[in-house]
Amino acid sequence: MTTIDPSLYLSNQPKTRTPSANLGKEEFLKILMVQLQNQDPTSPMDDREFISQMATFSSLEQMMNMSNSIEMLVQSQLVSPVIQYSHMIGQEVSYMGVDQETGEELGKVTSKVVAVSQSEGWAILELENGDKIYADAIIQVSDPSTKDETGNGITE
């Protein structure tokens with residue numbers, strides 16, 4: 001024969017409750033169950049009222065789920081490195097070039113950003129010269145449309 005866990009007996013449940021400013025699904029269902037248990041047997045709750053309360057509860061739950069989904073979508077869009085650095089496409093960036101074989105610094109290299117990608121949460125700028133650099137390796141950003149034919153900045 002199986003034994004029943006004594007902690008599940010009503011007499012062993014905590015007598016005090018902790019008040020909360022939020023009314024969630026659990027609280028709504030508890031109120032509804034108490035309402036059903038304590039109704040007058042000679043005049044039970046109108047079934048239309050009960051159905052209306054359940055429909056309201058269901059609608060509220062769906063709105064809460066939708067709100068949470070939209071919030072998650074907005075947060076994921078805000079933190080996406082690709083979106084954060086997409087404005088860099090078409091800009092000229094300067095960075096310290098490094099020889100891949102020797103690790104020796106080659107000096108300041110400048111190239112135009114042609115694409116932005118993401119790897120392990122980091123933004124990677126793909127450049128016109130074929131290099132791929134992390135966005136935090138940039139030491140200067142310039143707009144190529146503000147330069148004249150000689151490569152010098154246009155002054156007025």
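**A tour of the sheet and a pocket beside its strands**

Begin by colouring the strands of this predicted model, where 5 of them form an open, antiparallel sheet in the order β4-β3-β2-β1-β5. Go next to the two ends of that order and select β4 and then β5, residues 138-142: these strands stand at the edges and have a single partner strand each, so one side of each is left without a neighbour in the sheet. If you turn the view to look along the sheet, bear in mind that neighbouring strands are rotated against each other by 45 degrees on average, with direction ignored.

Now select β2, residues 105-119, together with β3, residues 122-127, and follow the 6 bridges that join these two antiparallel strands. A place to stop along this pair is Val-116, which stands opposite Leu-125 in β3.

From here, move to the second largest pocket, which holds about 190 Å³ of space. To display its lining, select Tyr-95, Met-96, Gly-97, Val-98, Gln-100, Leu-106, Val-109, Asp-131, Lys-132, Ile-133 and Ala-137. Which strand gives the most to this lining? Selecting β1, residues 92-98, shows the answer, since β1 contributes 4 residues, the most to the lining of this pocket. Beside β1, both β2 and β4, the latter spanning residues 132-134, also supply at least two lining residues each.

Finally, colour the lining of the second largest pocket by residue class, and its members divide into 7 nonpolar, 2 polar and 2 charged residues. With the lining still selected, you can return to the sheet and find β4, one of the strands that supply the pocket, at an edge, with its single partner strand.

Definitions and conventions. Residues numbered from 1 in each chain as written. Predicted model: local features only at pLDDT ≥ 70, side-chain atom pairs only at ≥ 80, totals over all residues. Heavy atoms only, no water. 1 Å grid on protein atoms, 1.4 Å probe; cavity = no way out; pocket = protein on both sides within 12 Å on 5 of 7 lines; lining within 4 Å. Points joined across faces, edges and corners; volume = space filled by probe spheres on them. Nonpolar A, V, L, I, M, F, W, Y, C, P; charged D, E, K, R; others polar. Pairing = 2+ DSSP bridges. Axes fitted to C-alpha atoms, helices over the stretch in contact; angles between N-to-C directions.
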